[in-house]
Amino acid sequence: MSADLALIWPELILTIGGLITLMLGTFAGDRQVGLYQLASLVTLAAAAVAVIALFGTEATVFSGTLAVDAFGGFAKLLIYAASFVCIAIAPRFFRDGMRAEYPVLILFAALGMGIMASARDLMTLYVGLELNSLAAYVLASFMRTDDRSSEAGLKYFVLGSLASGMLLYGISLLYGFTGTTDFAGIAKALGGEMGTGLLFGIVFVIAGLAFKISAVPFHMWTPDVYEGAPTPVTTFFASAPKVAAMVLLTRVIVGAMAPAIGAWQQIVIFLALASIILGAVGAIGQKNIKRLLAYSSINNVGFILIGLAAGTQQGVEAVLSYLLVYVVTTIGSFLVVLQLRDREGQQVESIPALAGLSQYRPGLAAAMAVFLLSLAGIPPLFGFWPKYLVFEAAVNANLVPLAVAGIVASVIGAFYYIAVIKTMYFDERSEAEVSGGGNILEGTIVAVSALWLSVIGYLFIGPLATASAHAASVLF
């Protein structure tokens, strides 16, 4: 047991830090919310250091239910970094409404996501996923006086419960027909004859996890929750949980379901194409920037799934590279949204209100243009590179029709990104002038993210390829 505990320091740090922050908030109330924020940021930084210290370690703990490896470590660093930013940017948005629960919920959500990234057993998979989900339901409805936030939390809770039920049913089927919840044991059982029960188990497990990454047709919660939740919470939902759920899905498919590639590959291909097409078409008529970014998230999930559909190490490497670039782009774009305020200091989310933004906020408009074009995958911006990687992986896996369909559908997505840029640069100046600004932290993150997503990002292709290859090789 002591040897196992020595290998899960990131989870222990998050648990201890979360409990300490929770107790401080319980006894001191919301008066010292800045202290709780600082404690949570230090906790996340310490957990990231622990992950880095464990790089090079390849082991399993607690009877093989959790893996300590580079694949999980890669994901945890992304999760902790996104969580760090979402805690740091929250006070300015909430102002007097900032409460002690916010950093605590983020910490426990990060703990759950870390367990998801390291899960090697269906039981630990579910524990991590639900720990993250329970915190997320509360975060979505964090602004109790805002009807939209309450509605977002309720919708997320109801639909999330349905998805959890589907996942549990799939887990019970896999356990019933294989006699084990261990990924390696399931893979061994799937290497034999594929029965109807096993096939249904695979379908339900993938469906339950598809909800967490908001892949079509399990995407219905995403636009409403992204629009209704507070913007820092929406930033969190669009980044860290997406990484955790995608990494978990990758580990399940490549680790537990690899022998049944004929069964799950068709499902993943459908999810990929449906997400790309509906994400692109659904965004065209949107007038709210957060809803548009929600459909953009669905669209990008489809591209990530193309890499996963390949079922090869190259495909998994492409998935990890895509996740890194996607997280940076998403956080940057939502930080721009966070700075869009009118003269009264109220959040501006209407796309028509951005008309002429380039005339009086040229830096903000330029950064948003970089993020949108990068999400569209338009060269020479760095957002093009991960799209190229997933298409290359699909072609090398003899999935040429899938790659062609993805490339064609990406043209549709480019339309609504360019439409927003056209509004900012070529439409007449809006009467609802965006006059609010951000603080130094937000401005720095936006500027650094935009610069990295320009051609400068290509300088980091070598280190990124090395890191993603090392992490992906663990699964093969």
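**Figure 1. The loop between strand 1 and strand 2, in which Ser 63 is placed.** In this predicted model, Ser 63 sits in the loop that runs between strand 1 and strand 2, and its phi is positive, at about 60°, although the residue is not a glycine. The relative accessibility of Ser 63 is 79%, and the residue therefore counts as exposed. Phe 62 belongs to the loop between strand 1, residues 59–61, and strand 2, residues 66–68, and this residue, likewise other than glycine, has a positive phi, with a value near 50°. With a relative accessibility of 26%, Phe 62 counts as partly exposed.

**Figure 2. The protein as a whole, as context for the close-up views.** The protein contains 21 helices and two strands, and its C-alpha trace spans about 65 × 60 × 40 Å along the principal axes. A compact globule of 476 residues would have a radius of gyration near 23 Å, and the 21 Å of the protein agrees with this. Of the 476 residues, 60% count as buried, while the area that the protein exposes is about 17,400 Å², with 69% of it supplied by carbon and sulfur atoms. Among the contacts with a separation of 6 or more, 81% are accounted for by residues that stand 24 or more positions apart. The protein carries 22 positive and 26 negative charges, and the mean positions of these two sets are 3 Å apart.

**Figure 3. The aromatic pair of Tyr 137 and Phe 157, with the cluster to which both rings belong.** A search of the whole structure finds 18 aromatic pairs. In the pair formed by Tyr 137 and Phe 157, the ring centres are 5.4 Å apart and the planes stand at 90°, so the arrangement is edge-to-face. Because Tyr 137 lies in helix 7 (residues 122–140) and Phe 157 in helix 8 (residues 147–178), the pair ties together parts that are 20 residues apart in sequence. Tyr 137 is buried, its relative accessible area being 8%, whereas Phe 157 is partly exposed, with a relative accessible area of 41%. Ring pairs link these two residues into a cluster whose other members are Tyr 156, Phe 211, Trp 221, Tyr 226, Phe 236, Phe 237 and Phe 334.

**Figure 4. The tilted ring pair of Trp 452 and Phe 460.** A pair of aromatic rings is described by the distance of the centres and the angle of the planes. For Trp 452 and Phe 460, the centres are 6.5 Å apart and the planes are at 55°, so that the pair is tilted. Trp 452 has a relative accessibility of 16% and counts as buried, while Phe 460, at 39% relative accessibility, counts as partly exposed.

**Figure 5. The surroundings of Val 420 in helix 19.** Val 420 is placed in helix 19, which covers residues 400–426, and with a relative accessibility of 1% this residue counts as buried, the cut-off being under 20%. When its neighbours within four places in sequence are left aside, Val 420 is in contact with Ile 289, Leu 292, Ile 351 and Leu 372. One of these, Ile 289, is 131 residues from Val 420 along the chain, and the two C-alpha atoms are separated by 8.8 Å.

**Figure 6. Ser 164 in helix 8 and Thr 26 in helix 2.** Ser 164 lies in helix 8 and counts as buried, with a relative accessibility of 6%. If residues up to four places away in sequence are not counted, Ser 164 touches Tyr 126 and Glu 130. Thr 26, by contrast, is exposed, with a relative accessible area of 54%, and its place is in helix 2, residues 9–28. Thr 26 and Ala 100 are 74 residues apart in sequence, and the distance between them in space is 8.3 Å, C-alpha to C-alpha.

**Figure 7. Cis peptide bonds at Pro 217 and Pro 380.** Val 216 and Pro 217 are joined by a cis peptide bond with an omega of about 10°, and Pro 217 is found in the loop between helix 10 (196–212) and helix 11 (222–228). The peptide bond from Pro 379 to Pro 380 is also cis, with omega near 10°, and the place of Pro 380 is in the loop between helix 17 (362–376) and helix 18 (384–396).

Terms used: Residues are numbered from 1 along each chain as its sequence is written. This is a predicted model: local features need pLDDT of at least 70, side-chain atom pairs count only at pLDDT 80 or more; totals for chains, interfaces and linings use all residues. Side-chain values use heavy atoms; hydrogens and water are left out. Helices (H or I, at least four residues) and strands (E, at least two) are DSSP runs, numbered from the N terminus. The radius of gyration is taken over C-alpha atoms; the globule rule is 2.2 Å times the number of residues to the power 0.38. Buried means under 20% relative accessible area, exposed over 50%, partly exposed in between (1.4 Å probe, protein chains only). Contact means heavy atoms within 4.5 Å. Accessible areas come from the Shrake-Rupley method with a 1.4 Å probe; for residues, only the protein chains shown count as cover. Lys and Arg count as positive and Asp and Glu as negative; His and the chain ends are not counted. The place of a charge is taken as NZ of Lys, CZ of Arg, CG of Asp or CD of Glu. Rings of Phe, Tyr and Trp (its six-membered ring) pair if their centres lie within 6.5 Å; planes under 30 degrees apart count as stacked, over 60 as edge-to-face and the rest as tilted.
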